[in-house]
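Subject: Handover of a structure for your review

Dear colleague,

Please find below the structure I am passing on to you. My notes on what was found in it follow directly after.

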Amino acid sequence: MDFLKSLSIEKTNRGTSTGGTWLEPLSEDIASYSPVDGALIGTVSATTAGQYGLVAAQAQKAFAEWRSWPAPRRGAVVRQIGDALRRQKESLGRLVSYEMGKSLQEGWGEVQEMIDICDFAVGLSRQLYGLAMHSERPGHRMYEQYHPLGVVGIISAFNFPVAVWSWNAMLALVCGNTCIWKPSEKTPLCGVACQNIISHIFENNNVPDGVCNLITGDRSAGEWLAADPRIALVSATGSTRMGKAVAATVAGRLGRSLLELGGNNAIIISKDADLDIALLGAVFGAVGTAGQRCTTTRRLIIHESVYEAVKAKLKQAYNQLKIGDPLDPANHVGPLIDQAAVQSYLNAIEKCRAEGGRFLVEGGVLEGASFKSGCYVKPCIAEVEPLYTIVKEETFAPILYLLKYQTLEEAIVIQNGVPQGLSSAIMTLNLREAEQFLSYAGSDCGIANVNIGTSGAEIGGAFGGEKETGGGRESGSDAWKNYMRRQTNTINYSAALPLAQGIRFDL
Ligand code: NAD
């Protein structure tokens, strides 16, 4: 496997790095098995509590120096990271696909997203604007500026094993922060590969040791970051269960958290939809990444007049889906991440059936030589009612629920009637419907699209969602402000000391 060699991934790997130094292994290994074929790809030695302490101290020390580098100079380092990712796109995309199980196209797409955020961050490094405002007092000037925050902890999920780190780290770096990344224990080699790529760039640019750190391990490593007052911001991507735990711990020490949690995304298909576009958007949204995207389409809310037509088209499309090795471009759907994910898929199907769900396309686990990891499942479709409890849950698997509506108001109530609020879409050529969906009385999600599916966001926009999705915004727009502290400055250049609000205080 040449791609492993090109990324300097060995059979046994160290899992703790300060950027310039890999720490000696001191603990149990985390084994990374590919969901593609069940093979052991390699092991990573997990970070111990003592090693975490060293890393956090090094990150703090490096912060004192890194923040003094002018932002455009920091941007120049990030530009080189982007260039290195361009060179390694082929290999890193393959590793993402092999370790996580998404299609090779999506693996490469994920690395492209990293390259894009590097470019975006480089541009930002010459901006990071504050505002100037008029003072109410004569001879005074008032403005606000943004300063680096400190050490940023990044906890990431398995399903975007490299991109989520880069969304956070590249912005945090140009803003003058240092980072400690804890990748998912299900995809630790992706973390090691990224650390290898940046280490060379850091060395060439004399970046202080400790600017970009890696720790590996299970949830306890994430808990260290959440509880540590040295970590100014904890950016956590993963399940709502994890986010609630992290939020409570970080809030308990009045730290900052940025949460990107579960979604339960719906597409409304109106009577005025272009059904061909609707079908493509719905099927890619539902089965892409085997239903393991936070933005996966889990619910289709279909107008009664086109319901039967959409059902027939969906059934036909699902019959054409090819399931198998995601590295083979002929396949549309790869495996789930592990056996636990397969079990939760089966449990959800059973629960759906018990609540009265009628399966239009049946699910099931695939068996045979091509599916020997045991993680390949059939994408399935069930007709359901909005009140079923299973429809309100995020099952991280390719299960699509169909719901019927009569009026757009009713469709919006169904769309918003779940605890999560990440991505949403309407398929319609009717301007009034589209605008109603986007209005304050429309979708309650962080992302609302028209004639585009729910999955596949561009890095230029702020990404994130409301309600149990956690309220965080990452990536583009002004998400960089999460990684900085705002300071308001008022300067008096007059010969008097007038007080605000005209308050008099004479001696
Ligand atoms: P997970 O919550 O099981 O794990 C995510 C990360 O959190 C891992 O690194 C894990 O070790 C760590 N962790 C778990 N419990 C923790 C705790 N109590 N304290 C600190 N760290 C803890 O999620 P997963 O199965 O890896 O990923 C799937 C989930 O992630 C889905 O719910 C998906 O919607 C969500 N997700 C959301 C976004 C988004 O941007 N909103 C993006 C990707 C994934």
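Gly465 has a relative accessible area of 0%, so this glycine counts as buried. Please note that the model is a predicted one. The place of Gly465 is the loop that runs between strand 19 (462–463) and strand 20 (466–467). Its C-alpha atom is 8.0 Å from that of Leu261, although 204 residues separate Gly465 and Leu261 along the chain.

Another glycine, Gly20, is placed in the loop between strand 1 (12–14) and strand 2 (29–33). Gly20 is classed as exposed because its relative accessibility is 64%, where the cut-off for exposed is over 50%. Between the C-alpha atoms of Gly20 and Thr428 the separation is 53 Å, with the two positions 408 residues apart along the chain.

Backbone angles

Two residues other than glycine have a positive phi. For Leu254, phi is near 55 degrees, and Leu254 is not a glycine. Leu254 belongs to the loop between helix 8 (240–252) and strand 10 (256–260), and its relative accessible area of 80% makes Leu254 exposed. In Ala290, also not a glycine, phi is positive at about 50 degrees. The loop that holds Ala290 connects helix 9 (275–287) and strand 12 (297–303). With a relative accessible area of 3%, Ala290 is buried.

Aromatic contacts

Across the whole structure, the search returned 8 aromatic pairs. One of them joins Trp66 and Trp69 in a tilted arrangement, with 4.9 Å from centre to centre and 45 degrees between the planes. Trp66 and Trp69 are both buried. A further pair, Tyr146 with Trp480, is edge-to-face, the centres being 5.0 Å apart and the planes at 75 degrees. This pair links distant parts of the chain, 334 residues apart: Tyr146 is in strand 5 (residues 140–148), while Trp480 is in the loop between strand 21 (474–475) and strand 22 (484–492). Are these two partners buried or exposed? Tyr146 is buried because its relative accessibility is 10%, and Trp480 is likewise buried, at 7%; the class requires a value under 20%.

Charged groups also sit over aromatic rings. The ring of Trp69, already mentioned for its pairing with Trp66, has the charged end of Arg73 over it, 3.6 Å from the ring centre. Over the face of Phe160 lies Lys102, at 3.7 Å from the centre of the ring.

Salt bridges

Side chains of opposite charge can pair when their charged atoms come close. The count here is 20 salt bridges. Among them is the bridge between Glu466 and Arg473, with an N to O distance of 2.4 Å. You may wish to look at that value yourself. Both ends are partly exposed: Glu466 has a relative accessible area of 32%, and Arg473 has one of 22%.

Asp272 and Lys271 also meet through their side chains in a salt bridge, at 3.7 Å from N to O. Asp272 is partly exposed at 29% relative accessibility, as is Lys271 at 44%. A further bridge connects Arg504 to Asp506, whose closest N and O atoms are 3.1 Å apart. Arg504 and Asp506 are both exposed. In addition, Asp83, Arg86 and Asp119 are joined into one network by salt bridges that share partners.

Helix packing

How do helix 3 and helix 6 pack, and at what angle? Helix 3 (residues 71–100) packs with helix 6 (residues 188–204) at about 155 degrees, and their axes are 10 Å apart. Helix 3 and helix 6 are therefore roughly antiparallel, since angles over 145 degrees fall in that class. The crossing in which helix 3 passes helix 6 is right-handed.

Helix 4 (residues 104–124) packs with helix 5 (residues 163–174) at an angle of about 15 degrees, the axes being 9 Å apart. Helix 4 is therefore roughly parallel to helix 5, since this class takes angles under 35 degrees. Helix 4 and helix 5 also make a right-handed crossing.

Yours sincerely,

A colleague

Notes: Residues numbered from 1 in each chain as written. Predicted model: local features only at pLDDT ≥ 70, side-chain atom pairs only at ≥ 80, totals over all residues. Heavy atoms only, no water. Phe/Tyr/Trp six-rings, centres within 6.5 Å; stacked < 30°, edge-to-face > 60°. Buried < 20%, exposed > 50% of the residue type's maximum accessible area, 1.4 Å probe, protein only. Helix = DSSP H or I, 4+ residues; strand = E, 2+ residues; numbered from the N terminus. Lys NZ or Arg CZ within 6 Å of the ring centre and 35° of its normal. Salt bridge = Lys/Arg side-chain N within 4 Å of Asp/Glu carboxyl O. Axes fitted to C-alpha atoms, helices over the stretch in contact; angles between N-to-C directions. Parallel < 35°, antiparallel > 145°, perpendicular 65-115°, else oblique. Left-handed = near helix turned anticlockwise from the far one by under 90°.
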